[in-house]
There are 4 protein chains.
Amino acid sequence: MIKASVIGATGYAGVELIRLLASHPKVELKNISSKSFEGEPINKIYGNLNKYSEKILTDENSALEDSDVVFASLPAGLSEEIAKKCFEKKILFIDLGADFRLSNEEDYKKWYKKDFKYHDIHKEAIYSIPEIIKYDNFYNKKDLKNAKIIGNPGCYPTSIGLALTPALVNKIIEKEDIIIDSKSGATGAGRELTLNTHFAECNEAFAPYKIAEHRHTPEIEQTLSNIYGEEIKITFVPHLLPINRGILSTIYAKLKNKNSLENIFNLYKDFYKNSKFVRILNIGNIANLKNVKYSNYCDISIHIDERTNKLIIVSAIDNMVKGAAGQAIQNMNIALGFEEDAGLNMIPPAF
Amino acid sequence: MIKASVIGATGYAGVELIRLLASHPKVELKNISSKSFEGEPINKIYGNLNKYSEKILTDENSALEDSDVVFASLPAGLSEEIAKKCFEKKILFIDLGADFRLSNEEDYKKWYKKDFKYHDIHKEAIYSIPEIIKYDNFYNKKDLKNAKIIGNPGCYPTSIGLALTPALVNKIIEKEDIIIDSKSGATGAGRELTLNTHFAECNEAFAPYKIAEHRHTPEIEQTLSNIYGEEIKITFVPHLLPINRGILSTIYAKLKNKNSLENIFNLYKDFYKNSKFVRILNIGNIANLKNVKYSNYCDISIHIDERTNKLIIVSAIDNMVKGAAGQAIQNMNIALGFEEDAGLNMIPPAF
Amino acid sequence: MIKASVIGATGYAGVELIRLLASHPKVELKNISSKSFEGEPINKIYGNLNKYSEKILTDENSALEDSDVVFASLPAGLSEEIAKKCFEKKILFIDLGADFRLSNEEDYKKWYKKDFKYHDIHKEAIYSIPEIIKYDNFYNKKDLKNAKIIGNPGCYPTSIGLALTPALVNKIIEKEDIIIDSKSGATGAGRELTLNTHFAECNEAFAPYKIAEHRHTPEIEQTLSNIYGEEIKITFVPHLLPINRGILSTIYAKLKNKNSLENIFNLYKDFYKNSKFVRILNIGNIANLKNVKYSNYCDISIHIDERTNKLIIVSAIDNMVKGAAGQAIQNMNIALGFEEDAGLNMIPPAF
Amino acid sequence: MIKASVIGATGYAGVELIRLLASHPKVELKNISSKSFEGEPINKIYGNLNKYSEKILTDENSALEDSDVVFASLPAGLSEEIAKKCFEKKILFIDLGADFRLSNEEDYKKWYKKDFKYHDIHKEAIYSIPEIIKYDNFYNKKDLKNAKIIGNPGCYPTSIGLALTPALVNKIIEKEDIIIDSKSGATGAGRELTLNTHFAECNEAFAPYKIAEHRHTPEIEQTLSNIYGEEIKITFVPHLLPINRGILSTIYAKLKNKNSLENIFNLYKDFYKNSKFVRILNIGNIANLKNVKYSNYCDISIHIDERTNKLIIVSAIDNMVKGAAGQAIQNMNIALGFEEDAGLNMIPPAF
C-alpha cells in the first residue's frame, strides 16, 4: 500500500479525492490538510464521510510527512512551493490546480496574473490527459511512468481535448472557426459561497459566464495546438448548469472535405480502442451527462451537419472525477505502475 | 371585451394561454376545447386554475362559437382546417402550431412530412415575430393590423430571430458559419409522457437532441434569409435543460470587419429602441433565463471574442410566453388594435 | 393612486413587493431603500426588473418621504423605529419582519433575544392573517380598516393558521399532540449566502432544520391559542426543500370524535366560503405547491386516517406571496378600503 | 465467485442491482432478464452501463440457469412462482418485490388485492432488515445464514424500522400516536411514465400522496408490532420530493417519561454499535439525504421537543441502495457467509 495525502482536502476536488482514494486497492490515505479547518476532524465539515471520520485536518507541511504521493487542490500560485518540497523529498506530487498546466509562462502571467517562482521545478513537471499525452506532453516529453510532478488538467480542457484529438490528429477538420460551447454543473464553481451559486439564484436559471475570457482557454489552445502541430485559436463559452455534476461540451468544427459519419466514427473508435475510460457512442446516440456521473468515463458522440458540412462532437464527463480527482488518480496509477483503472472502475449510476 | 377561445387548451401552450388571457384587460375567455378531455372541467386537469375552474372542455367545432379570436395549439397538420373555418366565419385565427410558419411548401413537406391542404388559406396568413415582422413577413407582406390568420413563430426561431436581426440588417456578420447552440427547459417538450422527460431521467442530466435535424431549422433559416436578403444556412443544435421554462441561445457569427463592442451595442439598442419586450443588456452583463421567466421579455446580450473576431449573442426568453402564448397575445393585440403590451406587462419574478 | 415605499427592498420579500406592487391598479411605487446598496439603481441588483430599472435605492429615512404606505422587510428589532416615525407622520406602516407579530413581550425576548423599545407603538399595531383576523387580532381587537401599523405574519404561521382555524373554531380536534411537519423552498432562507443554500449542498439534498426550535413556533401557538381560547402547544419541524418557492405543511391532529370526511370538508368549505384566496380542494385531491406558485392562494386539502382517527390537513402557499409580500398587499388593500384582491388576482402558472 | 442473476433487470431497482453487483468482490453477474426488453442488450436501455454492455436480456426462466442466487424486482404477485422454482433448484432467491414481506395473508389480500398461491413457499421465507432481524423475523425465526428465500423490505419500512427499533425495544415511547412523515425521491416511483413524475409536473413541486393509505403501512406496522410485542398502529404519510434519490422520515412519538437527549442518544448509539451501516449522528446534527446518497448507510438523528415531550427521530437512506438493491446484497452477503459489507463499503459522495 502506498501512502497518499491530500492538501486542500476540504475543497470539492479534495473531498472527492478522499472519497475515491478510500476505495483504491493500493492506496492508504495518510494525511489531509486544510488552511480553513486545520485541527478539525474532516467529518465535521463533510457529513458524508465515515471511514475517515476521525482524521484531523493538518497544516500543509505536516501533510507531506510519511507520504509517497501528495495531491494538492489549491488556488493558482500556491502549489509551486509544495511541488518543490515534494520533489526534494522524492514524493510524487500531483497538482489539481493551475500551476503546472501552461508551458508558456507568458500565458500563465496573462491569464492568472502570477509568475512562475521556481522555474527548475516546472522543468520537472508533466501535463497529462493520459489518453492523449503522447500528443500533448509539452514539458520535455518526459515519461509519465517516472513522473515526479504531474500537472492535472482542468475540467473543460479534459472534456475538449479528448473530443477533438482524433479529428486533429487525422487532420479532418479546419483549424479555424472551432466553436466550443460548454456547460458545467455547479460543483465546478467550488465550495465558495457566491450569489451565482446561491440556490434560489442558480436553480431554474441558466446563463453563460466569462464569455470568451475563461482561464481554461489558453490550456485548451495549448493542447489543441500541440496535437495539430500548428497554432490553434478557439472560441470558448462556458455556461453554468443548475445541476451538481458534469461538463458537456458541444463542439463545432468545419470538415476539410466531405466525409462520412461512419468513417469518422471508425476513426474515433480506433483512436480510443485501448482506452478504458473513453466511450465512443454508437452512431445515432448522443452523449448525456447522466451516463457518466460519479465515474471516470468520457462519453463522446459524433455528428455531422450535412447541410453546412460541420462536424459536431459532444463530450460528457463528470467534472469532479474525469475532470479532476479521478483523472489525478489515473495519472498516479500510471506514474506508479498500477493498473490504469485501479480504484476507478466503478459503473456510473443510472440516475 | 372581445371573446377569445382556445383549441388544444390542455397542452402546455394552451393552459399558458388561458392563464395569460385571464388577466388581459380587453379579453374574455369564451370556449376551451380538448380532444383528450372533452366534457371535463379544466380544473380537473390543471389544479392551478381557479377563475375558470368550472369551464368545460368542448370539441373543436364548438370552440368557434361566439368567438372573435381563436387560438389553436395543435400538432402539425391539424390547424389548417380550423383556420379555414375561422376565415369563413371572419374569426381572427392565431396558430401556435407549425402549419403557418413555412412559406415554402417543399420545406413543410420535407420537415413535417405533410402537404398543405388549403393553399388559398395559406395566402391569407401572416407569420409574425412582431418586432421584426417588417423584415420577415413572407406571406404577401400583409399588414398585421388587418390579419385574418397569424402563424405564431416557434420558440427557438423567436429567440434566434430577435438575436440576429440587427446584425443581419446591418450586415456586420458573415452569412456563413453561423452556429446556434440553444438550450430549452422541459416544458418545450410538452405534456406528453416520454422517457426523456421522466423526472429521474431528466433531472441532473443534460444533453443535446435532434442535432442538426430539428424541425425549427427551416423556420429559422427562412427568417434569417428574409432579413438578410440572401439564403442563409445555419448549424442549429438544441439541448434539453433540467428546468421548467426558458430558452437560452448562444449564437456565434463571424464579424465581417473588426468592430467595437460599443458600436454593435448601440446598433442593437437603437434597433429595439421602441420595443416594449426586447431588452438589450448593458455591456458587461449576460442574458440569463432567470430574468425573463414568466414574462414576455427577450433579453439579449452582445459579446465579442477579440481573439477570433467572433460576435457572440446570447438571447433569453420564456419559451411558454415570448416563445408561445405571450407572443400569440402580442400578435392579437396588434391585429386588433390594442396596446401591444395589453395583458403582457407583468414583471418577471426574481426567482 | 396611493404612493407606496419599500424599506429593505433588495431582500427577497422586498423585491417581491416591488414586483407585485408594479401591477397593482391603485398603487404607485414611490421610494425603495436598502442599507447594502444605497445609491445604486435597483436593476443593478435584480436583472429581472425593468419598469423600475432606474429607480435609485435610498436610505431608510428618505424612503418615508411623500409616501402613503411604507412596507419594511428587515431583521428583527429594526422595524420598531420606522413604525414610530410612520405613525407620527400618519403613514400606514406594514412590517414584514417579526417586530409586530408577538403580543407577549416575553415571547419576543425569549425567541428573538430583543426587547420592545416603544411600547406605545405596539399598542397601535394589528397582527393580521385577514381570513382569520377576527379570531386572532390580539392587538386590542382594532379594526383592520383603520389600521396604522400592521404586523404581517410569518410564512409558516400563515400556512398553519389557515389550515387549523376551522378545526379549532369548531372544536373537532384535541388541542394536544398537534404535529406540524412543514417544508419550505429555499427563498424562505433569504438572499444571505450560507452553506445550506449553496447550490451543490442544497440541490438533491433534503433535511429538517431548527427542529422544535424555530422562531415561528410562538407565533403559531399564539394564533392557535387565540382561536381555540385555550393555550395550545405544538410540535413544529420545518424542512428545507430544494426548490425556490412554497411552503407545504402536513398537519396531524387527533379527532375528538369519529367524524366523516364529508362533514369536515363541508365545515372547511363553509368557513372559507367568502375567501378569495383560500381554496378548499375537493375530497380526494391533495394540496400541491405547484398549484399555488406565484399566487396569493392557499390550497388546503382535508384527509382522515380512519385507522388511527387522525385528521390530516395539507396546506400549500407560495412563501413569498401569501407568506409575505402578497399578504402584506392584501392587508394594505383592506386597510385602505380597496378590493381585497386588488393587484393579487393573478392565476398561478401550471409549471 | 458465486453466480448471481437479476430478474426485472431494467426496472430502477434492477439496474441498481447490476451496478452494485459489478463491484462486488465475490459475485459474477450471470443472467439478466426483462419482459419488456427480452432479446436486447442491456446497454441499449441504460447508457450508463459499460462493463455489461453486451449482456442480452433473457426471459425469466433462462435467468435461473447456472445461477447460485437470483434477485427479482417485480410487481406484486409475480415473484412467488420464481421463488418456488429457485427453492426446488436450491438457488438462493431474494425478492425485492412485496410477495414475501407480509406474514399475514389477510394483510396481503387487503393491501395488494392478491392471494398467496404457494403457502409452503412462504413458510421457507425470511423477511430481513439485517440490523433488526432478531426482533422482526416473523417467518419461523429461521436463521438468515441458511436462508433459501429472502423477502427484502420496502424502502419506507427500512427507513422507519431502523429509526424506531431502539426506542421500541427499550420501551421509552408510547405505542399510540406515532406519526411518520416520509419524503421520497422520484426514483421511488420507478421507471413507469406518469404525469406525477413528468419533469415539468414534478420539478419545483411538492405534495404528499396516498395519504394514510400507502401499501407499506401494514409492513411498517408488522415490524413495529413485532419489535414492541404489542400491536401498533401508525399514521403514515409519504411525500414525493423533486430529487432523484433518498428517503427521509421525520418520526414523532410521545416519550413515556421525561428523558434526556443524551440518554436516548447513548441508547441508540449502543444499539447500533456493531452495525456497519447505521450511523447515529452526534447530538446537534441532523440527518440529511445528501450524506447517504449512493451508499448503504442509514443516518439517524435524535431530537426532543422539550415543550411537548415528544421524541423526534430523523432517518435518511438512499431508497435505491439501503432501501432496495444494497440491502438485498447485504442480505445475500449474510446468507452466503460473506462479509456483511462486501461490495457495499463505498463512501457516499459529498454532492
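Ala207(C) lies in strand 8 of chain C, which covers residues 207-208. In this predicted model, Ala207(C) counts as buried because its relative accessibility is 10%, below the 20% that sets the limit for that class. Once neighbours within four places in sequence are left aside, Ala207(C) is in contact with residues of two chains: His239(C) and Leu240(C), together with Leu248(D), Ile286(D), Ala287(D) and Asn288(D). Ala316(C) makes a useful landmark for orientation: 109 residues separate Ala207(C) from Ala316(C) in sequence, and their C-alpha atoms are 19 Å apart in space.

Another stop in chain C is Asn285(C), found in the loop between strand 11 (278-280) and strand 12 (298-305). With a relative accessibility of 41%, Asn285(C) counts as partly exposed. Beyond residues up to four places away in sequence, Asn285(C) touches Ser301(C) and His303(C). The C-alpha atoms of Asn285(C) and Ser301(C) are separated by 6.7 Å, with the two positions 16 residues apart along the chain.

The contacts of Ala207(C) with chain D lead on to the relation between the copies. In general, one copy of a chain is related to another by a rotation about an axis and a shift along it. For chain C and chain D, a turn of 180° and a shift of 0.0 Å along the axis lay one on the other with an RMSD of 0.0 Å. The two copies are thus related as by a two-fold rotation axis. Of the interface residues of chain C, 100% are also interface residues in chain D, so these copies meet through the same surface. Chain A and chain C can be treated in like manner: a rotation of 180° with 0.0 Å of shift along its axis superposes chain A on chain C, at an RMSD of 0.0 Å. Here too the copies meet through the same surface, because 100% of the interface residues of chain A are also interface residues in chain C.

Chains A and C also share a feature on the surface. Leu193(A), Leu195(A), Leu193(C) and Leu195(C) make a nonpolar surface patch of about 250 Å². One of these residues, Leu195(C), lies in the loop between strand 7 (178-184) and helix 7 (199-202) of chain C, and its relative accessibility of 31% makes Leu195(C) partly exposed.

Contacts across chains can also be followed from Arg279(B) and Pro348(D). Arg279(B) is found in strand 12 of chain B, residues 278-280, and is buried, with a relative accessible area of 8%. Apart from neighbours within four places in sequence, the contacts of Arg279(B) include Asp299(B) and Pro348(B) in chain B, and Gly47(C), Asn48(C), Leu49(C) and Asn50(C) in chain C. Pro348(D) sits in the segment after helix 10 (321-335) of chain D and counts as buried at 0% relative accessibility. Residues up to four places away in sequence aside, Pro348(D) touches Arg19(A) and Asn48(A), and among its contacts in chain D are Arg279(D) and Tyr297(D). Gly39(D) is 309 residues away from Pro348(D) in sequence, and 34 Å away from C-alpha to C-alpha.

Within chain A, the division is into domain 1 (2-153 + 322-336) and domain 2 (156-319). The centres of these domains of chain A, taken over C-alpha atoms, are 24 Å apart. Contact between them involves 28 residues of domain 1 and 33 residues of domain 2.

Charged pairs complete the picture. Over all chains, 108 salt bridges are found. One of them joins Glu16(D) to Arg245(D), with the closest N and O atoms 2.8 Å apart. Glu16(D) lies in helix 1 (residues 12-22) and Arg245(D) in the loop between strand 9 (234-240) and strand 10 (247-254) of chain D, so the pair ties together parts that are 229 residues apart in sequence. Both Glu16(D) and Arg245(D) are buried. In chain B, Glu219(B) forms a salt bridge with Arg101(B), the closest N and O atoms being 3.8 Å apart. This pair ties together parts 118 residues apart in sequence, because Glu219(B) lies in helix 8 (residues 216-228) and Arg101(B) in the loop between strand 5 (92-95) and helix 4 (105-112) of chain B. Glu219(B) is buried at 1% relative accessibility, and Arg101(B) is buried at 7%. In chain A, Asp115(A) and Lys109(A) form a salt bridge whose closest N and O atoms are 3.7 Å apart; Asp115(A) is partly exposed at 47% relative accessibility, and Lys109(A) is partly exposed at 31%. Finally, a network of salt bridges links Asp177(A), Lys254(A), Lys310(A), Asp177(B), Lys254(B) and Lys310(B).

Conventions:
Residues numbered from 1 in each chain as written. Chains lettered and ligands numbered in written order. Predicted model: local features only at pLDDT ≥ 70, side-chain atom pairs only at ≥ 80, totals over all residues. Heavy atoms only, no water. Patch = residues over 30% accessible without salt bridge, like charges linked within 9 Å, V, L, I, M, F, W, Y side chains within 5 Å. Areas by Shrake-Rupley, 256 points an atom, 1.4 Å probe, with all protein chains shown as cover. Salt bridge = Lys/Arg side-chain N within 4 Å of Asp/Glu carboxyl O. Helix = DSSP H or I, 4+ residues; strand = E, 2+ residues; numbered from the N terminus. Buried < 20%, exposed > 50% of the residue type's maximum accessible area, 1.4 Å probe, protein only. Least-squares fit on C-alpha atoms with pLDDT ≥ 70 in both. Contact = heavy atoms within 4.5 Å. Domains from an automatic or database assignment.
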